[in-house]
Amino acid sequence: MANLTSRALWIFMGDGGAKLFGFLSTIYLARTLGASQYGLLTLAISALGIASWFSDLGLKTLATRSVAGSSSEPGDLARFFWLKILLSAAVLLIAGGITWFLLSEQPQLRLLILLFLLSLLPQSLRVDWYYKGVQEFHWVTLSNWVQGVIYLCGLLLIVSTDDLLLVPWIYSLSILLGALVLLFTYKGKNSFISKPRVVKWGEDLRNSFFLGAGHFFSQSIILLPPLVIGYFFTELQVGYYGVALKLILAAMIIDHVLNTLLLPNLTKLWQNNRSEVQPQLKKVSRWVLLIGVCGMMVLAYAAEPIIYFLFGDTYLPAVPMLILLSVVLPITFINSIFSFGLISFGLDRDFLYSTSAGALGALILIIGAGFTGDMQILILSVVLSELWITICMYYRFRRIVNLKIGGFVLGITTVSALLMALIFLYLTPGIWIAITSPLILFTVLYIFGLITWDDISWMKRRIF
């Protein structure tokens, strides 16, 4: 874990830029279409998320790890490239057929999902997995910015109140142009479009399945709730939830930066110097958890002004949803250490087993909460589901690496819970409290020795 500032900056600029354009697009669509129409859009994107997993099956993660861990042989890049395309085409046909017959009584939603499914083909052309493996993140940044600018500008120029069905067309075009940037900037010696090593496809699918299934299960708390809300409640409630979830996903850009850096670097560290894995990850996990708690506080305290400013007063019912969902942030951040640790160690089966057990619990919790008819209980079930998935992941992870951060987890949980309770009981949350609360939290943790000068010095060395 050497100085990662430059690479982290490129990742942040790339993914942060993509998130920014996506977030601005969300604001425009939510305001333009209204909560009900935006709810339809959220349902369609959730369905696309499920289809996207089947079109990938973990191939991108497997390819990134393959590129990062060893030199590629002739045909290796092409084998991942063509397999991804063929798999995406097959999923497009199968998912399209299922959607056509399953949603025969909901023609608008059916057509919207079918149009979004077309984006699987240009998505399969993205070779960002190669650039992440060799850690040339500036090209991924350029691709993400091209995609984000085209998508946002297309929406602003074309989409108005009654143009919901134009959104997936613009979305697919933006992905295609972003993918072409990566293909045209590639300067490696092995071609993506050369003859693939077809003999390796069976092994690739078997290996990637554990990674892909694990990622799918871990993403269940993102993909499942909108569908459950759409079934038990209304499209209006889906629209409110979609707005709150989008703010959570925007805050998770830091988590995504961590994941992108962690996989190739931890893979190399595990292969070359395993004795350093535990002390390095112990430092990383403490800071990651602290950043997640700070993000939770900011979103919880500033939920109402943020939603009012960005989406208008018609979306204020999303405020209590956002406050509850903010608790997911620190849980997700620390879960990334466990999940990507298992992947970097090559423990794909352990990753699958832990996420499948977590997803099963999440499925029971979320669907059971839907039967209560209470949205707040359903949101709470989402938080508990993420916690359960993290516990399942940690159970497998600790058998390989024991981070010994139980005292820190208990301490920061207690301090942040007491601080949030005091503020919500005796003060009116707002922007200023959202800004100052992380500073207060950090000060208290430092006074009680939960954050030490050694931790600060370690972080400074990584940044500077």
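In this predicted model, the side chain of W53 is buried, with a relative accessible area of 12%, whereas the neighbouring position in the sequence, F54, is partly exposed at a relative accessible area of 41%. The structure holds 16 aromatic pairs, and W53 and F54 form one of them: their ring centres lie 4.3 Å apart and their planes meet at 75 degrees, so the pair is classed as edge-to-face. A second pair, that of Y231 and F232, has ring centres 5.0 Å apart and planes at 85 degrees, and is therefore edge-to-face as well. Here Y231 is exposed, with a relative accessible area of 66%, while F232 is partly exposed, with a relative accessible area of 26%. Aromatic pairing also extends beyond single pairs, in that F338, F345, Y394 and F397 are linked by ring pairs into a cluster.

With regard to the overall fold, the protein chain contains 21 helices and zero strands. Of its 464 residues, 55% are buried. Among the contacts in the chain with a separation of 6 or more, 85% are accounted for by residues 24 or more positions apart. The chain exposes about 20,200 Å², of which 69% is supplied by carbon and sulfur atoms.

An example of a contact between parts of the chain that are distant in sequence is provided by T42, which is placed in helix α1, spanning residues 5–56. T42 is buried, its relative accessible area being 9%. When residues up to four places away in sequence are not counted, T42 touches P226, V238 and G242. In addition, the C-alpha atom of T42 is separated by 8.9 Å from that of L227, although the two residues are 185 residues apart along the chain.

Charged side chains were examined next. Side chains of opposite charge can pair when their charged atoms come close, and the structure holds five salt bridges. One of these is formed by D128 with K60, with the closest N and O atoms 3.4 Å apart. Because D128 lies in helix α6 (residues 128–133) and K60 in helix α2 (residues 59–69), this pair ties together parts that are 68 residues apart in sequence. Both D128 and K60 are buried. D128 also meets the side chain of R126 in a salt bridge, at an N to O distance of 3.8 Å, and R126 is buried, as is D128.

A further salt bridge joins the side chains of D350 and R399, with 3.0 Å from N to O. This pair links distant parts of the chain, since D350 belongs to helix α17 (residues 348–372) and R399 to the loop between α18 (375–397) and α19 (406–426), the two residues being 49 residues apart. At a relative accessibility of 16%, D350 counts as buried, because the limit for this class is under 20%. Considered together, the salt bridges that share partners join K60, R126 and D128 into one network.

On the surface of the model, a nonpolar patch is formed by L118, L156, L157, I158, L166 and W169, which together have about 600 Å² of accessible area. The largest share of this patch, three residues, comes from helix α7, which covers residues 137–158. L157 has its place in helix α7 and is exposed, with a relative accessible area of 75%.

Finally, the cysteines were considered. A disulfide is a covalent bond between the sulfur atoms of two cysteines, and a search of the whole structure finds zero disulfides. C294 is buried, with a relative accessible area of 17%, and C392 likewise counts as buried, at 10% relative accessibility.

Technical notes:
Residues numbered from 1 in each chain as written. Predicted model: local features only at pLDDT ≥ 70, side-chain atom pairs only at ≥ 80, totals over all residues. Heavy atoms only, no water. Helix = DSSP H or I, 4+ residues; strand = E, 2+ residues; numbered from the N terminus. Buried < 20%, exposed > 50% of the residue type's maximum accessible area, 1.4 Å probe, protein only. Contact = heavy atoms within 4.5 Å. Areas by Shrake-Rupley, 256 points an atom, 1.4 Å probe, with all protein chains shown as cover. Patch = residues over 30% accessible without salt bridge, like charges linked within 9 Å, V, L, I, M, F, W, Y side chains within 5 Å. Salt bridge = Lys/Arg side-chain N within 4 Å of Asp/Glu carboxyl O. Disulfide = S-S within 2.5 Å. Phe/Tyr/Trp six-rings, centres within 6.5 Å; stacked < 30°, edge-to-face > 60°.
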